[in-house]
Amino acid sequence: MAATEEQFALEGRPTAQLIADHLREQIVRGTIRPGQQINESLVASQLNTSRGPLREALQRLCQEGILIYRRNYGVFVLEIEPTDLREIYSARETIESTAACILLDGGPEQIRNAIEALKEIVDGMAKHALASNWEAIAGLDMQFHSSFVAAAGNSRLSRIYKALATESRMCILNLEVSYPRMEVLVEEHQDLLDLLEMGDREGLIAAIKRHLQEAVTHLVATQQEQGSP
């Protein structure tokens, strides 16, 4: 893992939470690759921290499931297999569908606030689609879904969803191969927003299911293509 200015940004404040946040972002962006071993001494040197906070950070990421501890070998970045993909997106579908019901059962103000926040994200996605900025769209994609769940106001749903969102961001950066037309992804999120605004419970839940299942199909197909000789 090459040292960068960003990696040294923690100098002087190396808490376990900051280190975990930093490493999580590096993993999501692909700077630290799936299957790669975490070199503790190298990371501690790059972040100007001691082994104590670093190991606590690694433990947190292992608990989140994005790092794997292998006895006698060390800590490695999770390699997401097709089975993992299906589990991640199935869990997301359950949580997002529950959040949709909570939102639609909420008052007009709760729904209106959710729509305003989600509309801003979709507008951002549309702008980045015009610039063909896939990484930005991928980030906004997960921001949309995380904000959707957060808008339901259930802290436990949001906490569970956070780990799934991290794993999903690790996956979704691979979707560029399967989604050459970024505007399609923008349209899918606009559709979810429109159904929420219309109060169409059945349509919204069906759209969530369709959107997430199509993502799994694209991701699995991409993995198989990349794994082909």
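This is a short walk through the structure shown above, from its overall layout to a few single residues. The model is a predicted one.

Start with the layout. The protein holds 9 helices and 2 strands. Read from the N terminus, the order is α-α-α-β-β-α-α-α-α-α-α. The chain has 229 residues, and 42% of them are buried. Take the contacts in the protein with a separation of 6 or more. Of these, 72% link residues 24 or more positions apart.

Now go to the interior. The largest nonpolar core contains 67 residues. Within this core, Leu23, Ile38, Leu67, Tyr89, Phe148, Leu196 and Leu204 touch the most other members. Phe148 shows what such a residue meets. Sequence neighbours within four places aside, Phe148 contacts Glu96, Ala99, Ala100, Leu103, Leu118, Leu196, Leu204 and Ile208. Two of these partners, Leu196 and Leu204, also appear among the core residues named above.

Next, look at a pair of helices. Two packed helices are described by the angle between their axes and the distance between the axes. For helix 1 and helix 7, the axes come within 7 Å. They cross at roughly 35°. Helix 1 brings Arg24, Glu25, Ile27 and Val28 to this contact, and helix 7 brings Thr166, Arg169 and Met170. By type, the residues of the contact are 3 nonpolar, 1 polar and 3 charged.

These two helices also take part in a pocket. Rolling a probe the size of a water molecule over the atoms shows where empty space is left. The second largest pocket has about 200 Å³ of space. Its lining is formed by Asp21, Arg24, Glu25, Val28, Gly139, Met142, Gln143, Ser146, Lys162, Ala165, Thr166 and Arg169. Three elements each give two or more residues to that lining: helix 1 (16–29), helix 6 (134–150) and helix 7 (155–172). The lining residues divide into 5 charged, 4 polar and 3 nonpolar.

Arg24 deserves a closer look. Arg24 belongs to helix 1 and is part of the pocket lining. Is Arg24 buried or exposed? Its relative accessibility is 10%, below the 20% limit, so Arg24 counts as buried. Beyond its neighbours within four places in sequence, Arg24 is in contact with Gln17, Leu61, Glu64, Ile66 and Thr166. Thr166 is also one of the helix 7 residues in the contact between the two helices.

Follow one of those partners, Gln17. Gln17 lies in helix 1 as well. At 34% relative accessibility, Gln17 is classed as partly exposed. Neighbours within four places in sequence aside, Gln17 contacts Arg24 and Arg60. Gln17 and Arg60 are 43 residues apart in sequence. In space, their C-alpha atoms are 8.4 Å apart.

End with two loops. Which loop holds Asn48? Asn48 sits in the loop between helix 2 (40–46) and helix 3 (51–64). Asn48 has a positive phi of about 55°, although it is not a glycine. With 43% relative accessibility, Asn48 counts as partly exposed. Ser132 is found in the loop between helix 5 (108–130) and helix 6. Ser132 is not a glycine either, and has a positive phi of about 55°. How does Ser132 count, buried or exposed? Its relative accessibility is 52%, and exposed means over 50%, so Ser132 counts as exposed.

Notes. Residues numbered from 1 in each chain as written. Predicted model: local features only at pLDDT ≥ 70, side-chain atom pairs only at ≥ 80, totals over all residues. Heavy atoms only, no water. 1 Å grid on protein atoms, 1.4 Å probe; cavity = no way out; pocket = protein on both sides within 12 Å on 5 of 7 lines; lining within 4 Å. Points joined across faces, edges and corners; volume = space filled by probe spheres on them. Helix = DSSP H or I, 4+ residues; strand = E, 2+ residues; numbered from the N terminus. Nonpolar A, V, L, I, M, F, W, Y, C, P; charged D, E, K, R; others polar. Axes fitted to C-alpha atoms, helices over the stretch in contact; angles between N-to-C directions. Contact = heavy atoms within 4.5 Å. Buried < 20%, exposed > 50% of the residue type's maximum accessible area, 1.4 Å probe, protein only. Core = buried A, V, L, I, M, F, W, Y, C linked by side-chain atoms within 4.5 Å.
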